[in-house]
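Here are some short exercises to work through with the structure open beside you. Try each task yourself before you read the solution.

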Amino acid sequence: METLEQIKVRIEKAMPQTKIDILPNECPAGDRSLVVDTASGFAVAKFLRDDAQLKLDYCSNVTGIDWPQATIKTKVKKKVVVEGVEKEVEETIETLRSGHLEVVYHLYSMELKHGPVVLRMRTENRADKTTLPSLTPLWRGAELQEREVFDLYGVVFEGHPDLRRILMWDEFVGFPMRRDYVCPDDFEYEPTPHDKVLEQARKHYPVEVKPAVAEVKP
Amino acid sequence: MLGEQIIKGMAVTAKNFFGSYVSKDRLTTVQYPEERLPQKGNTRQFPMLVFDGDPEKGLRCVACTICEKECPPQCIFIVKSKDKKPDYKGQPQLYPAVFDIDVSVCMSCSICVEVCPFESIKMNTEFELSEPDRFEGFLLHKEDLAKSNEYYSKLHPDDARDSDAVLTAEKAKAEAKAKAAVEAKLAADAKAKAAAANPAPVATPIPAKATAPAAPAATPNPPPPAAK
Amino acid sequence: MSAATMPPPSFQVKPKLDAQGEPLGELLEISMGPHHPSTHGVFRMDVVLDGEEVVKLKPVFGYLHRNHEKIAEGISYLSTMPYTDRLDYFCSMTNNWAYALTIEKLAGLPVPERAEYIRVIMAELTRLQNHTCLIGFFVQDMGALGTPMMYAFREREKILDLFESVSGARMMCNYMRFGGVRVDVNDTWLAQAHKVTNEYAKFLDEFEEFLTANEILLARSQFVGVIPKDLAISAAITGPMLRASGVNYDLRKVDKYGIYSRFDFKVPLGEHGDIYDRYMVRVLEMRESLKILQQALRDIPAGPVMDPKAKLRGFRPKPGEVYGRIEGPKGELGFYVISDGSPNPYRYRIRPPSFINLTVLEDMCLGHKISDAVVILGSVDIVLGEVDR
């Protein structure tokens with residue numbers, strides 16, 4: 001199978017308006033991925049599926065990832081002149097990563113038996129602009145998985161034939177897999193309450209709840 | 001003939017049914033609880049704490065809380081003691097004042113056994129633990145969990161032998177180290193006394209010898225960090 | 001988009017009309033499940049029937065959702081291993097292997113030879129007992145009232161005895177570790193495994209004599225629940241269901257993970273993609289598994305089973321992401337793990353084969369009777385622990 005750079009060149013030639021990047025991956029056996037903007041996501045996916053050299057007809061896995069807003073500190077070595085002597089100094093650059101949700105598609109080919117090509121699409125933010133194009137019209141296998149990403153993360157897929165909750169019940173409010181999801185306060189009695197459960201126990205039982213500590217033996 | 005294969009299938013069923021009166025292979029049902037299958041050697045049910053000799057003083061656990069941290073469903077609850085008691089090597093160690101395991105939460109994965117560095121928590125094979133009380137009945141305390149080394153050897157003889165071998169090796173190492181330390185100290189004391197008893201010969205050829213004892217006496221201090 | 005890729009427009013269903021344009025009776029809406037003996041777990045199907053014929057079918061699940069993926073984000077990598085046992089609770093060894101393979105890819109850990117052979121032996125034993133069990137359930141769904149199922153379970157117990165003597169538990173084995181397996185197998189175990197493998201062929205012969213040409217089974221399963229080839233590929237079906245539709249895609253031959261390239265075995269393929277083909281593909285796969293087992297038990301070398309430098313506690317892989325997959329008995333089981341250098345994973349995702357194989361349940365059942373819908377569900381081979389995670 002050709003490398004990601006070659007695929008990127010061919011996609012840019014076929015569809016000039018796409019903004020496509022290759023994301024590095026530092027782990028030894030991992031694959032790098034193609035990041036595509038939402039406007040051209042569907043067209044790029046269609047190209048990947050129908051292209052004669054790639055024929056990626058099998059969408060194996062659709063994953064949702066939550067990247068909350070965070071500052072990323074990267075250490076960079078810079079050459080600085082200090083008192084006439086050039087020294088190498090390590091500086092910490094802080095970049096603000098705005099919160100967004102991400103959907104990752106792992107594409108393989110059953111006909112040509114190669115793969116994977118990893119395709120990623122990112123939403124604009126985590127609050128209101130969480131729409132992405134659905135790839136279910138291209139790969140039927142993405143149907144239930146995109147429903148799961150909608151259910152657990154809140155990404156709305158445009159063009160999905162039946163977008164509703166799948167694992168949680170229909171009247172559920174909230175998106176459980178997000179990093180900032182707070183479980184509802186349904187405290188159940190536990191005989192060994194400690195740490196967070198002890199705090200919850202104290203809130204529910206106004207009488208002082210003794211944690212399970214016996215007398216310390218001499 | 002239509003139905004021929006169905007009749008053949010019924011012949012297989014008949015072979016199995018009547019065969020169960022004749023051969024042991026076909027009669028595989030064990031009438032529990034009147035009969036019980038013998039348990040396999042490695043069966044793991046719920047954890048237990050091993051002690052050597054006395055359930056209080058011989059408890060191997062030193063409340064390092066590694067098992068509490070590694071337990072996947074977080075069912076272990078440990079409170080360290082405030083004082084220390086001597087362990088099998090003779091060194092004073094902490095011990096758990098409270099060691100609770102909630103067996104209604106425990107999933108018998110034995111990760112606590114794998115990560116314990118002191119051979120103190122092992123897997124028991126008792127599973128008939130039904131209790132009328134759902135909460136307090138399934139909370140096992142230190143007294144319920146403590147089982148003797150003899151009981152452990154009966155359950156898992158190979159593992160108990162390996163455990164004992166590890167502990168004896170550790171003890172032997174600790175004793176050898178202690179002995180070497182004591183001998184080094186005695187030698188250093190003797191040499192210092194000899195140097196103090198002969199002050200005059202310091203100016204003569206003996207200085208080579210007089211300065212030499214100073215070196216061993218000084219060894220406990222700076223050279224080791226430099227060697228590291 | 002072709003007709004093969006989009007689901008049929010089945011939200012608004014209307015009853016058939018007679019010659020005058022009047023509706024021929026009413027449609028009946030039934031909810032099959034979640035408490036139902038034939039649905040293989042807590043699984044619900046909302047079925048709309050026209051007489052006895054299925055007009056619309058929507059599967060509903062989530063009753064066993066334990067949010068395993070979020071639990072894994074809060075505990076360390078090693079502590080997630082017992083939870084993977086409980087995903088597809090019949091095949092805990094292969095679940096463990098998939099996870100161990102993924103983390104070994106992530107951190108670049110080598111696996112000793114003997115451990116690889118042991119993993120193959122365990123995986124093929126798992127495949128044997130899973131397919132045996134499944135055929136038992138499948139025939140019971142057709143109304144065989146439990147006799148073949150009990151024979152299947154009797155043989156399965158022999159394999160579970162093997163698992164218990166090596167890992168300590170019959171089903172929740174928690175046996176694979178990153179960089180090898182937890183404990184070594186001794187010669188007694190290997191001899192017993194040899195015995196079980198040799199006796200299994202005789203059991204399979206008896207089982208096949210019992211079932212394969214049985215007229216009732218043939219009448220109820222041939223040309224029922226057909227999936228055409230292009231729909232199967234597009235719907236990401238994997239495992240015996242895919243191979244029954246004629247697509248030659250078996251990860252043991254495509255990815256060649258572990259040491260599968262050393263073994264000589266064939267991949268059975270079906271022709272029509274109906275339920276009978278799926279049953280036959282599973283029976284033939286069991287025979288191929290026996291071949292692999294005999295080769296592995298013969299060739300297993302001596303040596304360590306775990307890398308001596310591998311760390312149990314304090315395992316922190318470098319940041320990166322990886323997708324590792326194996327051919328489980330039900331299909332492609334994949335794990336997608338993103339690590340950010342901390343002792344817990346940042347994102348841990350399971351690609352469940354049973355969940356994705358359910359995409360085409362409606363397509364298979366339309367036009368058939370409600371009793372066929374039960375058997376079709378049985379042939380998909382779902383385990384709710386994996387569907388809902």
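**Exercise 1. A helix of chain B**

Of the 19 residues of α1(B), how many are buried, and does α1(B) lie largely in the open or not?

*Solution.* Keep in mind throughout that this is a predicted model.
Step 1: a residue counts as buried if 20 or more other C-beta atoms lie within 10 Å of its own.
Step 2: in α1(B), the number of residues that pass this test is one, so the helix lies largely in the open.
Step 3: look at the length as well. From its first C-alpha to its last, α1(B) reaches 27 Å, close to the 27 Å expected at 1.5 Å a residue.

**Exercise 2. Helix α5 of chain C**

Find the span of α5(C), then work out what its buried residues pack against.

*Solution.* Step 1: α5(C) covers residues 147-167, which is 21 residues. At 1.5 Å a residue they should span 30 Å, and the end C-alpha atoms are 30 Å apart, so the two values agree.
Step 2: list the buried residues; among them are Y151(C), A152(C), I159(C), L162(C) and F163(C).
Step 3: see what these buried residues meet. They pack against α1 (4-22) of chain B, and also against α4 (113-144) and α6 (187-211) of chain C.
Step 4: check what comes after the helix. G168(C) follows α5(C), and its phi is positive, near 100 degrees.

**Exercise 3. Two helices side by side**

Decide how α5(C) and α6(C) are oriented to each other.

*Solution.* Step 1: the two axes come within 11 Å and cross at roughly 170 degrees.
Step 2: angles over 145 degrees count as roughly antiparallel, so α5(C) is roughly antiparallel to α6(C).
Step 3: pick out the residues that make the contact. From α5(C) they include Y151(C), I159(C) and L162(C), and from α6(C) they include W189(C), V196(C) and F203(C).
Step 4: sort the contact residues by class, which gives 13 nonpolar, two polar and two charged.

**Exercise 4. A loop residue**

Where does E52(C) sit, and is E52(C) buried or exposed?

*Solution.* Step 1: E52(C) is in the loop between β2 (44-50) and β3 (53-60) of chain C.
Step 2: count its surroundings. There are 11 other C-beta atoms within 10 Å, and a residue with 12 or fewer is exposed, so E52(C) is exposed.
Step 3: look for partners beyond four places in sequence. E52(C) is in contact with K369(C) and I370(C).
Step 4: compare sequence with space. E52(C) and G367(C) are 315 residues apart in sequence, yet 9.5 Å apart in space, C-alpha to C-alpha.

**Exercise 5. Chain C as a whole**

How does the radius of gyration of chain C fit the globule rule?

*Solution.* Step 1: chain C has 15 helices and eight strands.
Step 2: its radius of gyration is 22 Å, close to the 21 Å that the rule gives for 389 residues, so chain C is as compact as a globular protein of that length.
Step 3: add the burial. Buried residues make up 51% of chain C.

**Exercise 6. Where chain A touches chain C**

Describe the side of chain A that touches chain C.

*Solution.* Step 1: 31 residues of chain A are in contact with 37 residues of chain C.
Step 2: β3(A) gives the largest share of the chain A side, six residues.
Step 3: by class, this side has 18 nonpolar, eight polar and five charged residues.

Definitions and conventions: Residues numbered from 1 in each chain as written. Chains lettered and ligands numbered in written order. Predicted model: local features only at pLDDT ≥ 70, side-chain atom pairs only at ≥ 80, totals over all residues. Helix = DSSP H or I, 4+ residues; strand = E, 2+ residues; numbered from the N terminus. Expected span 1.5 Å × (residues − 1). Contact = placed C-beta atoms within 7 Å. Nonpolar A, V, L, I, M, F, W, Y, C, P; charged D, E, K, R; others polar. Rg over C-alpha atoms; globule rule 2.2 N^0.38 Å. Axes fitted to C-alpha atoms, helices over the stretch in contact; angles between N-to-C directions. Parallel < 35°, antiparallel > 145°, perpendicular 65-115°, else oblique.
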